[in-house]
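Biologist: I have this model open on my screen and would like a close look at one part of it, the surroundings of the ligand. Could you take me through that part and then on to the rest of the chain?

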Amino acid sequence: MARWWEIRGWAIESPWQSSVTDLGSVSWASNATRIGSAAATNNDTRRLSSEPRLTRILGLRTLPLRSCSGRRSGGRGSPKVPYRDLGVKPMRPTLHDRTPEQLEALAHELGLPGYRGRQLAHGLYALGASSLDEMTDLPRSLREQLASDPGFCSVQTVDHQNDQAGTHKYLLAFADGAKVEAVAIPRGEEQRTFCISSQVGCRMACVFCATGRMGLLRQLSPGEIVAQVLFLRRHHPTKGNPNIVFMGMGEPMDNFDALSQALAILTHPEAVGLSARRITVSTSGLVDGIRRLRELGRPYGLAVSLTTADEEERKELMPLAAKTSIDDLLQEAAAYGRLMNRKVTLECALIAGRNDHPAHARRLLGLARRGPFKVNLIPLNPIDAYGGSRPGTDAVSAFADILWQGGVVCTVRDSAGRDIGGACGQLLHRQRRRDFDVDDE
Ligand code: SF4
């Protein structure tokens, strides 16, 4: 159901804002100071002290937080998290926000036969038209009408980089200027993995993440999520279907309604038509989101960013995600894996001298044996604003060996496009520095 969501003194009708599940008023500064007192490295402290300057330059302000969904909030999976309004307006729903059935309903609303809706779905999703003008099977007058209302979700390339391995990283802009990153990663000769974003920025504030340093600018609509897949498919066609991973900017479970609608469109046989098994949703640990994903009853892959098996260390590295205990998180993740008959991936960003010691590996092994889990190690892709560095290959190998010898499947992922600003959020961070002449915090 559509809800009214107020931002910067104006309101828009938006059906996908409903997963903003916090309550009360939380100040970014006070929250960050609290985090900083427990965990700040020198870089963290520098960042906190530069907050007023950033606020001045970007015109940020902290908004009161409230539940937009009517769902119970503040439970185990709803940590109090800061929301920073950067003044970027959420978009009105467009054609790409609709399933084929909803497009058919739209055709009826316009006094047209239902098959026009199916034609629309075919043109938008199966053919991946980049504008309504390409859909010449529709009458020109209808195309003109649809272009103005509800509109076409178009994306533009703001920046594009690629490396020798064939990874292509894009900074994409939507009609209102909001920007996200989307990456096409080669998988063998004929396949690709598309890594897409679910939010503009992210409120989870993981200290090692460039996107987390931005705060949440706005939620993406389902159509904006789908449009990233269509864009990448258009520019990087594959023989087989691509794999989709929600591991770009944002915490997908914090934008759950848009996520679930996007998943419905991506897997609809008359829309994008991907198998649920080809899609992996990653979360920093919002258990409400894992539960809701389970309730969808489709075997989507699930990846949980654990980062470390040590509770206190996790609070320092992922202060907001760690409001849910590791025990509760893994219990929910294991329940998901058992129901879907799939292994859940526990992801660990390995930071030199921080969480890469053999003792960390042994603790992680103990946790990973508790359920249907496998482990993915991701040596840190350092960012300027965080002092952590990437562990050496020997340390990573030793860590992985402990897991393998203990009977846990473990892979090591080299961050795709490391030499092209591969860490999530780095392209946008650089772009914003150019736009606003902002120093690294
Ligand atoms: S690692 Fe993921 S959840 Fe954490 S701040 Fe970055 S985008 Fe958000």
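**Around the ligand and outward**

Modeller: Happy to. The ligand has twelve residues around it, and the closest are C202, M204, C206, C209 and G212. By type, the shell around the ligand splits into seven nonpolar residues, four polar ones and one charged one. Please keep in mind that this is a predicted model.

Let us stay with that stretch of chain for a moment. C202, one of the closest residues to the ligand, belongs to the residue range of strand β9, which covers 199-202 and also holds V200. V200 counts as buried because it has 27 C-beta neighbours inside 10 Å. L217 lies 17 residues from V200 along the chain, and the C-alpha atoms of the two are separated by 5.3 Å.

Between β9 and β10 (215-219) there is a loop, and A205 sits in it. A205 is worth a look on your screen: its phi is positive, about 60 degrees, although A205 is not a glycine. Most residues other than glycine have a negative phi. A205 has 23 C-beta neighbours inside 10 Å, so it counts as buried.

Now to the helices, beginning with α11. This helix runs over residues 326-340, 15 residues in all, and reaches 21 Å from its first C-alpha to its last, close to the 21 Å expected at 1.5 Å a residue. Its buried residues are L329, L330, E332, A333, Y336, G337 and M340. Looking down the axis of α11, you would find these buried residues within an arc of 160 degrees, so they line one face of the helix. The cover over them includes two helices, α9 (287-295) and α12 (358-368), along with the strands β13 (301-305) and β14 (344-350).

Right after α11 comes N341, in the loop that leads from α11 to β14. N341 is not a glycine, yet its phi is positive at about 55 degrees. N341 counts as exposed because it has 8 C-beta neighbours inside 10 Å, whereas A205, also with a positive phi, counts as buried with 23.

From α11 we can step across to α9, which is part of its cover. In α9 the buried residues are V287, D288, G289, I290 and L293. α11 is in turn among the elements that cover them, together with α8 (256-267), β12 (279-283) and β13. Just after α9, G297 has a positive phi of about 70 degrees.

Helix α8, part of the cover of α9, also takes us to α5, where the cover of the buried residues includes α4 (100-109) and α8. The buried residues of α5 are G117, L120, A121, G123, L124 and Y125. α5 covers residues 114-126; at 1.5 Å a residue its 13 residues should span 18 Å, and its end C-alpha atoms are indeed 18 Å apart. G128 follows α5 and has a positive phi, near 65 degrees.

One more backbone detail deserves a visit. The peptide bond joining D149 and P150 is cis, with omega about 10 degrees. Most peptide bonds are trans. P150 lies in the loop between α6 (140-148) and β5 (156-162). Strand β5 holds V158, which is partly exposed, with 16 other C-beta atoms within 10 Å. V158 and K179 are 21 residues apart in sequence, and their C-alpha atoms are 8.3 Å apart in space.

Finally, here is the chain as a whole. The protein chain has 14 helices and 16 strands, and buried residues make up 46% of its 441 residues. Of the contacts with a separation of 6 or more, 69% are between residues 24 or more positions apart.

How far to trust each region is the last point. The average pLDDT of the protein chain is 80, and 73% of the residues score at least 70. Over residues 1-88 the pLDDT stays under 50, and the model has 145 contacts beyond four places in sequence for them. Residues 432-441 also have a pLDDT below 50, with 14 contacts in the model beyond near neighbours in sequence. Where pLDDT is low, the predicted coordinates should not be read in detail.

Definitions and conventions:
Residues are numbered from 1 along each chain as its sequence is written. This is a predicted model: local features need pLDDT of at least 70, side-chain atom pairs count only at pLDDT 80 or more; totals for chains, interfaces and linings use all residues. Helices (H or I, at least four residues) and strands (E, at least two) are DSSP runs, numbered from the N terminus. The expected span of a helix is 1.5 Å times one less than its number of residues. A residue is buried if 20 or more other C-beta atoms lie within 10 Å of its own, exposed if 12 or fewer, and partly exposed in between; C-beta atoms are placed from the backbone. The arc is that of the directions from the helix axis to the C-beta atoms. Two residues are in contact if their C-beta atoms, placed from the backbone, lie within 7 Å. A residue is near a molecule or strand if its C-beta atom, placed from the backbone, lies within 6 Å of it. Ala, Val, Leu, Ile, Met, Phe, Trp, Tyr, Cys and Pro count as nonpolar, Asp, Glu, Lys and Arg as charged, and the others, Gly among them, as polar. pLDDT is the predictor's confidence in each residue, from 0 to 100.
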